[in-house]
Amino acid sequence: MLKALFLTMLTLALVKSQDTEETITYTQCTDGYEWDPVRQQCKDIDECDIVQDACKGGMKCVNHYGGYLCLPKTAQIIVNNEQPQQETPAAEGVGAAANAAATSSTGTGGVAATGIAASGVVPGGGVVASAAVEVQTGRNNFVTRRNPADPQRIPTNPSHRIQCATGYEQSEHNVCQDIDECTAGTHNCRADQVCINLRGSFACQCPPGYQKRGEQCVDINECDASNQCAQQCYNILGSFICQCNQGYELSSDRLNCEDIDECRTSSYLCQYQCVNEPGKFSCMCPQGYQVVRGRTCQDINECETTNECREDEMCWNYHGGFRCYPRNPCQDPYVLTSENRCVCPVSNAMCRELPQSIVYKYMSIRSDRSVPSDIFQIQATTIYANTINTFRIKSGNENGEFYLRQTSPVSAMLVLVKSLSGPREYIVDLEMLTVNSIGTFRTSSVLRLTIIVGPFSF
């Protein structure tokens, strides 16, 4: 009678406990597990790591949930996703682990291994049922075991609830799992901040290039705080860029600046010579020239500035220099009648076979001038009636550099037909012969042209 009454009261107590939702907090774990105070849950003990010589006879140790297995070294473990053949109620698995013997078929020469079944408390404080681990080694030494961590193998007990730490929540398998506040949207980070999920919590951080000031993320002004640029720093959204002054280029590290050798980039920057300088370049001209507009060379007229000519000499400027010539170039029996004009008197018997007059002219041309090129025109100053004028090069054209082309009855053009290189001086006598139509009168005049070829083509 007393025994029946005791069973009835026990049955009513169990029914009442199933109808009322109960909150249980676990701080102790079953055999094969230990309490993790950080994660606030039970974690498996790796016996293969802490137990010396756990397996004998050349067997290898394989850690398992709540225990370990001793298997042949050639065995391979395959997780079987099929439903377990038997499950033990959760109440029966609390506090102790049930041993289960693994079986194998001997008809194919298989080897049977013995393992310890997993049961007890799931990491995180949940309660799981004991599940037998079936280990089979066949001809190819493949080992199959059931995974008690598979959700299909963990019978849940909805009538029991576990108490999780702040930032964790109970899963459907009665395990305390971290709450990802960033994914769930339950964080309080501002729109300009980035939510970083932490274990049991979260953090609000500013994106790269920003720093937190109060409750806001503001762009770091890197150019003022830590300017690493060698020359110019430009702040951009969340970062900065370096730029260089004119004449420099950014180096491979994107911070320093290297001088640009403009003289190597082009041979047309300067008319004569390019000189590279830090951040720039300059042009130089040879002696007798000056730089104009930064790049071109212009002849210096020394005759208008300073020269070394005497008083009885006249200064003649040419490209790149000057020369002094006598103010009275006339030689006996010629006499000076006007500037640069010498006349041989008719009264002098020596003048009968000589040109009546010699006019001295000077000109300058650049070196390597293109050819053919018209360079000088000769023209009669006195025109007589019923006369014929002819023109010729009397001397100074031994190498055929010049050609005299008559352009009218009273004029002719001197043509340069060969390129000349200087510095060099040429003296060319251009003669005009004048005769009357009946041949009773004949005279000649000479223009003595001094041509100075400059040393350069500019």
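Which strand is largely enclosed by the rest of the structure, and how many of its residues are buried? Here are my notes on that and a few other spots; bear in mind that this is a predicted model.

1. The enclosed strand. It's strand 33, residues 357-365: eight of its nine residues are buried, so the rest of the structure largely encloses it. Two partners are worth tracing from here. Strand 32 (residues 341-343) runs antiparallel to strand 33 and is joined to it by three bridges; R341 has V359 of strand 33 as its bridge partner. Strand 39 (residues 442-453) runs parallel to strand 33, and nine bridges join the two. If you want a residue pair to click on there, S364 stands opposite I452 in strand 39.

2. The chain overall. The protein chain has six helices and 39 strands. Buried residues account for 35% of its 458 residues. Take the contacts between residues at least 6 apart in sequence: 44% of them join residues at least 24 apart. The accessible surface adds up to about 28000 Å², and carbon and sulfur atoms own 49% of that.

3. A three-stranded open sheet. Have a look at the sheet with strand order 34-37-36, where the pairing is antiparallel. Its edges are strand 34 (373-379) and strand 36 (402-408), each pairing on one side only. On average, neighbouring strands in this sheet are turned by 25 degrees against each other, direction ignored. Strands 36 and 37 (the latter being residues 411-416) run antiparallel and are joined by six bridges. Within strand 37, A412 is the residue opposite Q406.

4. M432. This residue belongs to strand 38, which covers residues 424-436. Its relative accessibility is 11%, and since the cut-off for buried is under 20%, M432 counts as buried. What does it touch, leaving aside neighbours within four places in sequence? M432 is in contact with A380, N389, T390, F391, T443, S444 and S445. One of these, T443, can be placed by distance too: M432 and T443 are 11 residues apart in sequence, with their C-alpha atoms 8.5 Å apart in space.

5. H319. You'll find H319 in the loop between strand 29 (313-318) and strand 30 (321-326). Despite the loop setting, H319 counts as buried, with 16% relative accessibility. Its contacts, again ignoring neighbours within four places in sequence, are Y289, D299, S364, I365, R366, G454, P455 and F458. S364 is a name we've already met: it is the residue opposite I452 in strand 39.

6. Salt bridges. The count comes to 10, and three make a handy set to check by eye.
   - E313 and R310 meet through their side chains at 3.1 Å, N to O. E313 is buried at 14% relative accessibility, whereas R310 is exposed at 52%. Salt bridges with shared partners also tie R310, D312 and E313 into one network.
   - R264 pairs with D261, the closest N and O atoms being 3.4 Å apart. R264 is exposed, with a relative accessible area of 74%, while D261 is partly exposed at 26%.
   - D192 pairs with R190, with 3.5 Å between the closest N and O atoms. D192 is partly exposed at 30%, and R190 is also partly exposed, at 37%.

7. A nonpolar surface patch. Which residues form it? They are Y234, I236 and I241, and together they have about 240 Å² of accessible area. I236 sits in strand 21, residues 232-236. Why can I236 be called partly exposed? Its relative accessible area is 35%, and partly exposed runs between the 20% and 50% cut-offs, so I236 falls in that class.

8. Where I'd point the viewer. For a buried strand with partners running both ways, go back to strand 33: antiparallel to strand 32, parallel to strand 39. For buried single residues, compare M432 in strand 38 with H319 in its loop between strands 29 and 30. For the surface, there's the patch of Y234, I236 and I241.

Methods. Residues numbered from 1 in each chain as written. Predicted model: local features only at pLDDT ≥ 70, side-chain atom pairs only at ≥ 80, totals over all residues. Heavy atoms only, no water. Pairing = 2+ DSSP bridges. Helix = DSSP H or I, 4+ residues; strand = E, 2+ residues; numbered from the N terminus. Axes fitted to C-alpha atoms, helices over the stretch in contact; angles between N-to-C directions. Buried < 20%, exposed > 50% of the residue type's maximum accessible area, 1.4 Å probe, protein only. Contact = heavy atoms within 4.5 Å. Patch = residues over 30% accessible without salt bridge, like charges linked within 9 Å, V, L, I, M, F, W, Y side chains within 5 Å. Areas by Shrake-Rupley, 256 points an atom, 1.4 Å probe, with all protein chains shown as cover. Salt bridge = Lys/Arg side-chain N within 4 Å of Asp/Glu carboxyl O.
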